[in-house]
Every structure is written in structure tokens, then in C-alpha cells.
Amino acid sequence: MAGTRPALPDATNGGFLSEALAEANAYRAKHHAPPLAMDPLLVEYARSRAASRSEHEKLGAGHDGLRANTGENLFWAAGSEMSGAGEAVATWYAEATAYDGAGTSGHFTQLVWKGTTRMGAGRVAGQGSEHFETYIVFVFEPPGNAGGGHAENVLPA
């Protein structure tokens with residue numbers, strides 16, 4: 001689905017990827033989930049997803065077009081500077097307070113899903129129609145929130 005504006009410039013770099021992996025794994029450790037590995041192919045996919053998400057205002061594109069067997073967390077921010085991976089991960093993890101054991105907090109549960117082993121991350125940033133915007137996408141394989149499985153995969157902190 002083509003967007004209504006050009007994609008924002010890629011802002012994925014080594015520092016961002018290191019921060020993304022470290023932040024994700026720090027929260028996973030709190031929930032007794034093994035650390036994720038950064039997968040270069042998933043990084044490329046996440047970069048393309050971040051670009052395509054930015055062709056739409058805010059998070060209007062949602063998860064449209066996400067390939068099968070891949071989980072995805074999306075983050076959008078507007079401000080005077082580019083957002084980092086730590087801000088996105090903290091926002092997703094904050095959903096833990098609403099988690100009821102049945103999967104109603106999809107970003108949080110995907111982040112700490114024990115059965116997920118690999119991730120990729122991408123970020124685009126630049127001047128949008130009204131604000132400086134940052135889009136951050138994390139993709140996960142195998143995906144979380146699948147087939148029930150919450151009791152085995154989302155362990156208490």
C-alpha cells in the first residue's frame with residue numbers, strides 16, 4: 001500500500017542497533033527470556049518497514065503488509081530531535097502494567113516473548129508535514145503472541 005508522502009530518510013546506524021539490542025535484552029532478562037540475536041536480514045526488513053510506515057501520517061499504515069511469521073512493534077514520535085531505541089522499548093515495556101496474562105498488551109508481550117530468538121530494527125527520521133518525526137520498527141522471529149502460549153512465553157518479572 002503506497003503512502004501519501006515520500007518516506008523519511010534512513011537513520012539506522014550501528015549505535016542505534018546496539019542500543020536496540022541492549023535495551024530489548026535488558027527487559028527480556030527481567031522476564032527470564034533468553035537474549036535475542038540481531039539478524040542482519042531482519043535489520044534490512046525492519047529498515048524497509050520503517051520507511052514504508054513513514055509514508056503515512058503518524059502510525060496510519062499500522063501493520064499492513066507485514067510478512068507472515070514475523071512479529072512487529074511500531075513506534076512514532078514527533079519532537080525537536082530524533083528518538084532513540086531506548087525510548088521506543090521503554091514505551092512498549094510500559095504496557096506491562098496493563099498485561100492481564102492473555103495477550104492484551106501486544107508490544108510488551110512481543111518484546112519479552114521467550115520463544116522469540118532473533119530481531120531486526122530500523123529507524124527513519126526527518127521533517128514530516130507538521131513536525132520532526134521518528135519511526136522505529138522492531139521485527140521479531142519467530143513471532144510472539146502466537147497460538148495462546150502466553151503462560152509459557154511471558155514470564156513474571
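**Exercise 1. Place Gln 110 in the fold and decide whether it is buried or exposed.**

Solution. Gln 110 belongs to helix α4, which covers residues 106–112; helices here are DSSP runs of H or I with at least four residues, strands are runs of E with at least two, and both are numbered from the N terminus. The model is a predicted one, in which local features need pLDDT of at least 70 and side-chain atom pairs count only at pLDDT 80 or more, while totals for chains, interfaces and linings use all residues. Residues are numbered from 1 along each chain as its sequence is written, and side-chain values use heavy atoms, with hydrogens and water left out.

The next step is accessibility, where buried means under 20% relative accessible area, exposed means over 50%, and partly exposed lies in between, with a 1.4 Å probe and protein chains only. Gln 110 counts as buried because its relative accessibility is 2%.

The last step is to look for its contacts, meaning heavy atoms within 4.5 Å. When neighbours within four places in sequence are left aside, Gln 110 is in contact with Arg 28, Gly 71, Asn 73, Thr 116, Phe 140, Pro 143, Gly 144 and Asn 145.

**Exercise 2. Check the length of helix α1 and find where its buried residues lie around the axis.**

Solution. The expected span of a helix is 1.5 Å times one less than its number of residues. For the 17 residues of α1 (residues 14–30) this gives 24 Å, and the end C-alpha atoms are 25 Å apart, which agrees.

The buried residues of α1 are Phe 16, Leu 17, Ala 20, Ala 24, Asn 25, Tyr 27 and Arg 28. Seen down the axis, these buried residues fall within an arc of 165°, so they line one face of the helix; the arc is taken from the directions that lead from the helix axis to the C-beta atoms. Among the elements that cover them are β1 (37–38), α2 (40–53), α3 (85–93) and α4.

Finally, consider both ends of α1. At the N-terminal end, Asn 13 acts as a cap, with a side-chain oxygen 3.2 Å from the backbone nitrogen of Gly 15. Just after α1, His 32 takes a positive phi of about 60°.

**Exercise 3. Work out the strand order of the sheet and say which strands stand at the edges.**

Solution. The sheet is open, has four strands in the order β1-β3-β4-β2, and shows mixed pairing; two strands pair if DSSP finds at least two bridges between them. β1 and β2 (71–79) stand at the edges with a single partner strand each, so one side of each is left without a neighbour in the sheet.

Next, follow the pairings of β4. β2 and β4 pair in the antiparallel sense over nine bridges, and along this pairing Asn 73 stands opposite Phe 138, while Ala 78 stands opposite Glu 133. β3 and β4 also run antiparallel and are joined by ten bridges, with Gly 122 having Val 137 as its bridge partner in β4. These two strands, β3 and β4, form a hairpin with four residues between them. Strand β4 is mostly covered, since nine of its ten residues are buried.

**Exercise 4. Describe how α2 is built and what its buried residues pack against.**

Solution. Begin with its length: the 14 residues of α2 should span 20 Å, and the end C-alpha atoms are indeed 20 Å apart, which agrees. Asp 39 caps the N-terminal end of this helix, placing a side-chain oxygen 2.8 Å from the backbone nitrogen of Leu 41.

The buried residues of α2 include Leu 42, Val 43, Tyr 45 and Ala 46, and the buried residues of the helix pack against α1, β1, β2, β3 and β4.

**Exercise 5. Find out what surrounds Ser 54 and Gly 126.**

Solution. Ser 54 lies in the loop between α2 and β2 and is buried, with a relative accessible area of 0%. Not counting residues up to four places away in sequence, Ser 54 touches Arg 5, Pro 6, Ala 7, Leu 8, Val 124 and Tyr 135.

Gly 126, in strand β3, counts as buried at 6% relative accessibility. The C-alpha atoms of Gly 126 and Ala 7 are separated by 9.2 Å, although these residues are 119 residues apart along the chain. With neighbours within four places in sequence left aside, the contacts of Gly 126 are Leu 8, Pro 9, His 131, Phe 132 and Glu 133.

Key. A polar contact is a pair of N or O atoms within 3.5 Å; within protein, one must be able to donate a hydrogen and the other to accept it, and residues adjacent in sequence count only if both atoms are side-chain atoms.
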